[in-house]
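Visitor: Please take me through one part of this structure in close detail. Start with the helix whose span falls short, then set that part in its surroundings.

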Number of protein chains: 2
Amino acid sequence: MPREHKDPDEKIRERNIRLIIKAGIEIFSRKGYDGTRIAEIAEASGLPKANVYYYFSSKEQIYTAIIEHLLEGWDNALKYITADREPAEAFRLYIRAKLDYTRKNVAESRLFASEIIQGARFLKKKDRQHVRDVTDRHVAVVEAWIAEGKILPVDPRHLFIMLWASTQFYADFEPIAADGLKKPRLKVEDYEMAAKTIAETVLRGVLPQG
Amino acid sequence: MPREHKDPDEKIRERNIRLIIKAGIEIFSRKGYDGTRIAEIAEASGLPKANVYYYFSSKEQIYTAIIEHLLEGWDNALKYITADREPAEAFRLYIRAKLDYTRKNVAESRLFASEIIQGARFLKKKDRQHVRDVTDRHVAVVEAWIAEGKILPVDPRHLFIMLWASTQFYADFEPIAADGLKKPRLKVEDYEMAAKTIAETVLRGVLPQG
DNA sequence: ACAAAACCTGACCAAAGTGTCAACTTACTA
DNA sequence: TAGTAAGTTGACACTTTGGTCAGGTTTTGT
């Protein structure tokens, strides 16, 4: 029988949890919460179902563990908006980093999107608060830029929504994006072209001189 | 036993199918395909489950009927991009119409988003082709504008993805959009401000004079 | 070496869900 | 108004699935 454990080394446990999370991201992102069956996660992770339940006591627990896990990765891509940077540079870096992260973590991106579309049922209060805090900080920077005359007056919150939406789209709605670009699948070059187009479009609209 | 019917009037049938579709849009959009139980659709439409099966032979059939239905509504919002219009006016109208449609059809929007995120499992070939055709026509218009020097050179396909993404976002990811705007829920004013911000940002970036 | 903790797993269960059906009622038509 | 087509429905058959469990094996600390 399993009990409380406060282990010193934990090899097996770590590995198996990693395998389960990995398989979970893949399958939850493709099928959504309800569409995912634990048996499938078990199979994909190479573990028998009962073994999955040895590490996680419920489907929901696997799911929330994954959400938690992916929110950690988010912040890195968003650290470029700082008051001491020039706006043009900051936006370019931000857009590029976000698209890069999105491209390399398509499954996570979709999983998050799925979760939000279905009303953020399992997204914790504190996680939402975290997102809000990050946004507030960025908004403050943009407002400072506006005050300094470095960019034209624009609603910073809607601006960030535009950026977030545009960058997410390529991963979340890949079939539509690919159709729109007349390609069978998106490649690195497409993400690069996206970064360029988004940055150019937004910047010329945001910079004073045009 | 039900058979082929080629009816002249069809009141009851029409009404019930409408009720089922309506309930289906609501529930599929909130729970996704797999998360939706026919019993729930039945309850929401005020019909017993067996009666739902009298009109639709399977869950999938209800779902694809809905997808079909909502694609029809799409086109209206997209008719403003025509070569004889001035770019600024065309984009403003397009953005406004798209956001308007999205706001008034939140459930449909989300249902579509859900379907795409999960790999467009049930989206028919011909429907995808239709979306592609519409895009092609719009792209041609933008290319003409560029050739005439009416707008700066920009990749039209990525530009449309930006517009599509930005306008969809408010409905599809309402919880995040609301958090970002620091509001409990989105209202008409928020959609109006969104239209203004998106249009301003894109136009100043796309128009030659800045 | 030995015990205890950690790990593993086939078999099982109860709940929930899709789809069916036979019998019934209502609506239409000639 | 009689006959037929359309619509209605409770009950049920069958399958899937989240979750449990008893008893087994392996790992670890001393």
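Guide: The expected span of a helix is 1.5 Å times one less than its number of residues. Keep that rule in mind for helix α1 of chain A, residues 11–35, in this predicted model. A straight helix of 25 residues would span 36 Å. The end C-alpha atoms of α1(A) are only 31 Å apart. Where does α1(A) bend? The bend is at A:Ser29, and it comes to about 80 degrees.

A:Ser29 is also one of the buried residues of α1(A). Others in that list include A:Asn16, A:Ile20, A:Ile21, A:Ala23 and A:Gly24. The list also holds A:Ile25, A:Ile27 and A:Phe28, along with A:Gly32, A:Tyr33 and A:Gly35. What do these buried residues pack against? Within chain A, the partners are α2 (38–45), α3 (49–55), α4 (59–77) and α6 (106–117). Chain B adds α1 (11–35) and α6 (106–117).

Now compare a second helix of chain A, α8, residues 156–172. Its 17 residues should span 24 Å at 1.5 Å a residue, and its end C-alpha atoms are 24 Å apart, so expectation and model agree. α8(A) is mostly covered, with 17 of its 17 residues buried. A:Arg157 sits in this helix. Its relative accessible area is 17%, and buried means under 20%, so A:Arg157 counts as buried. At the start of α8(A), a side-chain oxygen of A:Asp155 comes within 2.9 Å of the backbone nitrogen of A:Arg157. Beyond residues up to four places away in sequence, A:Arg157 touches A:Thr135, A:Asp136 and A:Val139. It also touches B:Gly180, B:Leu181 and B:Lys182 of chain B.

Next, the DNA. Strand D is surrounded by 18 residues. The closest are A:Arg37, A:Lys49, A:Tyr53, A:Lys59 and B:Ala50. By type, the residues of this surface divide into nine nonpolar, five polar and four charged. Of the strand D atoms within 4 Å of the protein, 64% belong to sugar or phosphate, and the rest to bases. One base contact involves A:Lys49: an N or O atom of its side chain is 2.4 Å from a base oxygen. A:Tyr53 places a polar side-chain atom 3.0 Å from a phosphate oxygen of strand D. From chain B, a polar side-chain atom of B:Asn51 lies 3.1 Å from a phosphate oxygen of the strand. Elements giving two or more residues to this surface are α3 of chain A, plus α1 and α3 (49–55) of chain B. The largest share, four residues, comes from α3(B).

One more residue in chain B: B:Gln61, in helix α4, residues 59–74. Its relative accessibility is 34%, so B:Gln61 counts as partly exposed. Leaving aside neighbours within four places in sequence, B:Gln61 is in contact with B:Tyr55 and B:Phe56. B:Phe122 is 61 residues away along the chain, yet the two C-alpha atoms are separated by 9.8 Å.

Finally, chain A as a whole. Its secondary structure comes to 10 helices and zero strands. The C-alpha trace spans about 70 × 40 × 30 Å along its principal axes. Of its 210 residues, 53% count as buried. Among contacts in chain A with a separation of 6 or more, 65% join residues 24 or more positions apart.

Methods
Residues numbered from 1 in each chain as written. Chains lettered and ligands numbered in written order. Heavy atoms only, no water. Bend = angle between axes of the 7 residues up to and from the residue. Buried < 20%, exposed > 50% of the residue type's maximum accessible area, 1.4 Å probe, protein only. Contact = heavy atoms within 4.5 Å. Near = heavy atom within 4 Å. Polar contact = N/O pair within 3.5 Å; in protein donor to acceptor, adjacent residues only side chain to side chain. Nonpolar A, V, L, I, M, F, W, Y, C, P; charged D, E, K, R; others polar.
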